[in-house]
Each structure stands twice: as C-alpha cells, then as structure tokens.
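Here is a briefing on one protein chain. Look over the sequence and the model, then read the points below.

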Amino acid sequence: MNCKTLLHSFLVMALWGLSLMSCVDEDEYADNPRGNFEALWKTIDEHYCFFDYKKEQYGLDWDAVHEKYSLQIADDMTDTQLFEVLGNMLAELKDGHVNMYSSWDVARNWSWHEDYPSNVSDTLLSRYLGTDYRIASGMRYRRLDDNVGYIRCASFANGIGDGNLDDILLYLAPCNGLIIDLRDNSGGLLSSAEKLAARFTNSTILVGYMQHKTGRGHSDFSQLEEQLLKPAKGLRWQKRVVLLTNRSVYSAANEFVKYMKCCPGVTIVGDRTGGGAGMPFTSELPAGWSIRFSACPMYDKDRQSTEFGIAPDYNVALSQADLLRGEDTIIEYARQLLRE
C-alpha cells in the first residue's frame with residue numbers, strides 16, 4: 001500500500017515500531033556480560049536495516065564483528081567495561097542513530113560531523129541576525145539589507161504551527177529571494193520537516209521512498225513505498241530559495257534537504273549533510289540499558305540511500321579570511337546566487 005503523504009507514512013512507521021518492540025525482546029538472555037553481549041548482537045542482527053548497504057559501502061561484516069568482540073567479553077568484567085565494549089561494537093555500524101543508554105553515559109558514533117569542519121559560526125550568525133530579528137515556531141528570521149529573506153532553522157525538535165509559517169512567509173514576501181540556514185540542525189520531528197517543505201511546492205511531488213523490515217534476515221524488506229509531499233494549504237513561497245547545509249544536518253533535517261531538492265527553484269549550498277536515513281526504534285538489554293537503532297530505511301527520489309548524507313549543489317566552506325572580516329562565506333555565496 002503506497003503512503004499518500006509523508007505524515008501518513010510517519011504514523012504507519014510509528015505503529016509498525018510498536019510491533020517491532022514486542023518482537024525484539026522475545027528471547028531471554030541472562031543479565032551477565034555474555035548474556036547482554038549476545039542480546040545486543042542478535043537484536044541488531046535481526047532488526048537493523050543497513051547491513052547490505054554498509055557491506056557495499058565499507059565492507060561491514062556483522063558476523064565478523066561478533067567474533068571480534070566476543071573475545072573481549074569476560075565473566076568478571078565490570079558494567080563500565082562491558083558498556084565500553086558494547087559501545088565499540090555498535091560503533092562498527094557508523095550510524096548516528098545507533099545509541100546505547102546507561103545511567104552514566106551514552107554510547108554514540110558522531111563521526112558524521114565530528115570528523116569534519118563545522119562550517120558555521122555562532123558569532124557570525126549573530127552578526128547577520130542582529131538583535132531585532134523575529135521568532136516563530138523556534139525559527140529566527142529577518143530581512144537582510146539587500147532585501148533577501150533569511151530564516152535560521154536550527155532544529156525540528158518542536159512542532160511548527162501553520163499560522164506561524166503564514167506569518168513568516170507574509171513578512172518575507174517582499175524579499176527578492178530566501179535563504180534557509182539549516183546548519184547544525186540535527187533533526188527532530190519528521191512531521192515538522194514535512195510541514196516546512198510543503199510551503200515550497202505547488203503540486204504533489206515524489207520526494208523519496210521507504211521500506212519496512214519484514215523478517216529477521218538482513219535483506220528482508222517490504223517493497224519500496226512512495227513518499228509524497230503535498231503542497232500546504234496556507235501561503236507558499238514562489239521565489240528562489242538557497243538552503244545552507246553542513247555536516248551536522250542530520251536525521252529529519254537530512255530528510256528536509258531531500259524534500260527540498262525536489263522543490264522548484266531550490267539550490268543547496270555548503271557542505272554535504274551528515275545523513276541519518278533510517279527511522280530509529282528502541283529496545284532494552286537485560287542490564288536495563290536502552291538501545292536505539294535504525295530499523296526503517298528511506299531513500300531519495302532516485303532510490304538512492306542518503307544514510308551517508310546529501311551533496312550540495314555548490315560545495316562552499318567558511319573562509320578564515322572572511323571570518324576575520326566578520327563575513328559568513330556560505331551566506332555571502334547564497335546572497336550572490338540570489339542576486340544573479
């Protein structure tokens with residue numbers, strides 16, 4: 001069954017996630033180092049969604065990972081030692097949506113942004129925004145001095161109101177073009193990303209595909225289901241848009257970039273996004289530690305995975321010389337594109 005809208009798809013995945021939770025925990029493992037290790041490895045083995053893709057990308061072999069880390073498990077190891085070993089095993093997946101949570105730490109892999117330049121400066125952003133900017137639904141916005149609209153969208157963690165978007169676009173309507181600064185937006189609600197993107201299309205458009213896990217094998221998935229973006233019923237932007245990205249654009253923000261690439265008049269400037277194309281779900285180990293992992297893969301309109309990010313139309317980095325002059329190289333590049 002094809003999903004009619006992205007929001008419907010999100011609700012379907014949420015319901016599917018509830019059924020996933022019941023099957024992840026059906027096997028019993030002892031609450032000791034070996035039991036927790038085997039429980040974690042098997043849960044990921046049966047429900048993680050990117051094994052085939054990551055084997056192709058960098059040779060991931062989950063069975064070999066089991067052999068490697070099994071040798072590090074000892075009956076007398078402490079919880080801290082066990083947590084470290086299990087966290088290192090999860091890091092083999094190179095997935096920012098894979099985490100393990102204890103009362104004292106979070107096992108994580110943030111190499112998708114930590115290994116790259118940030119390409120954003122809070123000091124420079126403050127210079128462009130000034131102090132008299134407007135705020136609505138967590139977004140800061142203003143008209144720049146060359147009559148270009150600027151929206152700073154740093155998170156999708158909260159809901160976005162339709163009335164707020166109407167007011168934002170009405171205020172920016174006299175501008176010659178619009179910059180949406182998404183840098184350092186690590187995601188949040190997929191519904192918020194969809195709601196904002198729906199303001200930039202006048203027709204229903206195909207923006208990607210998704211699949212659901214249907215069995216415990218690494219390749220057991222449903223058929224590709226369409227992700228369709230419908231135009232919003234409120235005010236919609238009709239002029240050019242430049243979207244600014246860096247490596248810290250992740251998860252729902254990565255999906256927003258995917259949607260916007262399909263909208264007319266949109267150009268992406270900055271660095272490759274961080275990725276995060278798997279809908280995450282959670283389970284629990286015998287020790288009581290929570291685990292989160294990618295279980296539902298999503299693809300772009302060309303059926304390509306965006307798990308490792310989306311390339312910009314123009315790859316632009318912050319220049320040290322511009323930084324010293326108090327200028328944001330990426331914003332200035334966007335302004336130049338809109339002037340042209």
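E255 sits in helix α10, residues 252–260. Helices (H or I, at least four residues) and strands (E, at least two) are DSSP runs, numbered from the N terminus. The model is predicted: local features need pLDDT of at least 70, side-chain atom pairs count only at pLDDT 80 or more, and totals for chains, interfaces and linings use all residues. Residues are numbered from 1 along each chain as its sequence is written, and side-chain values use heavy atoms, with hydrogens and water left out.

**E255 in α10**

- E255 counts as buried, because its relative accessibility is 1%.
- Buried means under 20% relative accessible area, exposed means over 50%, and partly exposed lies in between (1.4 Å probe, protein chains only).
- E255 is in contact with L190, Q227, M298 and T306, leaving aside neighbours within four places in sequence.
- Contact means heavy atoms within 4.5 Å.

**Helix α9**

- One of the contacts of E255 is L190, and L190 is also among the buried residues of α9.
- Helix α9 spans residues 190–197, and 6 of its 8 residues are buried, so the rest of the structure largely encloses it.
- Those buried residues are L190, S192, A193, E194, L196 and A197.

**Helix α7 and its packing**

- Helix α7 covers residues 122–129, with L124, L125, Y128 and L129 buried.
- These buried residues line one face of the helix, because they fall within an arc of 130° seen down the axis of α7.
- The arc is that of the directions from the helix axis to the C-beta atoms.
- The buried residues of α7 pack against three strands and two helices: β4 (139–143), β5 (148–152), β6 (177–181), α11 (320–324) and α12 (329–339).
- G130 follows α7 and has a positive phi, near 70°.

**R142 in β4**

- R142 lies in strand β4.
- R142 counts as buried, with a relative accessibility of 18%.
- Leaving aside neighbours within four places in sequence, the contacts of R142 include Y128, L129 and G130.
- Further along the chain, the contacts of R142 include V148, G149, Y150, Y171 and L172.
- R142 and R152 are 10 residues apart along the chain, and their C-alpha atoms are separated by 9.1 Å.

**Positive phi outside glycine**

- D184 has a positive phi near 70° and is a residue other than glycine.
- D184 lies in the loop between β6 and α9.
- With 33% relative accessibility, D184 counts as partly exposed.
- S251 is not a glycine either, yet its phi is positive, about 60°.
- The loop that holds S251 runs between β9 (241–245) and α10.
- S251 counts as buried, at 16% relative accessibility.

**Two further loop residues**

- G276 lies in the loop between β10 (266–270) and β11 (278–284).
- G276 is buried, with a relative accessible area of 2%.
- Leaving aside neighbours within four places in sequence, G276 is in contact with H97, Y250, S251, N254, T306 and E307.
- T306 is thus named for G276, and T306 is also a contact of E255.
- G276 and F221 are 55 residues apart in sequence and 18 Å apart in space, C-alpha to C-alpha.
- W104 is placed in the loop between β1 (99–101) and β2 (106–107).
- W104 counts as partly exposed, at 41% relative accessibility.
- Leaving aside neighbours within four places in sequence, W104 is in contact with D79, T80, F83 and W289.
- W104 and D76 are 28 residues apart in sequence and 20 Å apart in space, C-alpha to C-alpha.

**The chain as a whole**

- The chain has 12 helices and 13 strands.
- Its radius of gyration is 22 Å, which agrees with the value near 20 Å for a compact globule of 340 residues.
- That radius is taken over C-alpha atoms, and the globule rule is 2.2 Å times the number of residues to the power 0.38.
- Along the principal axes, the C-alpha atoms fill a box of roughly 65 × 50 × 35 Å.
- Of the 340 residues, 52% are buried.
- Among contacts with a separation of 6 or more, 75% join residues 24 or more positions apart.
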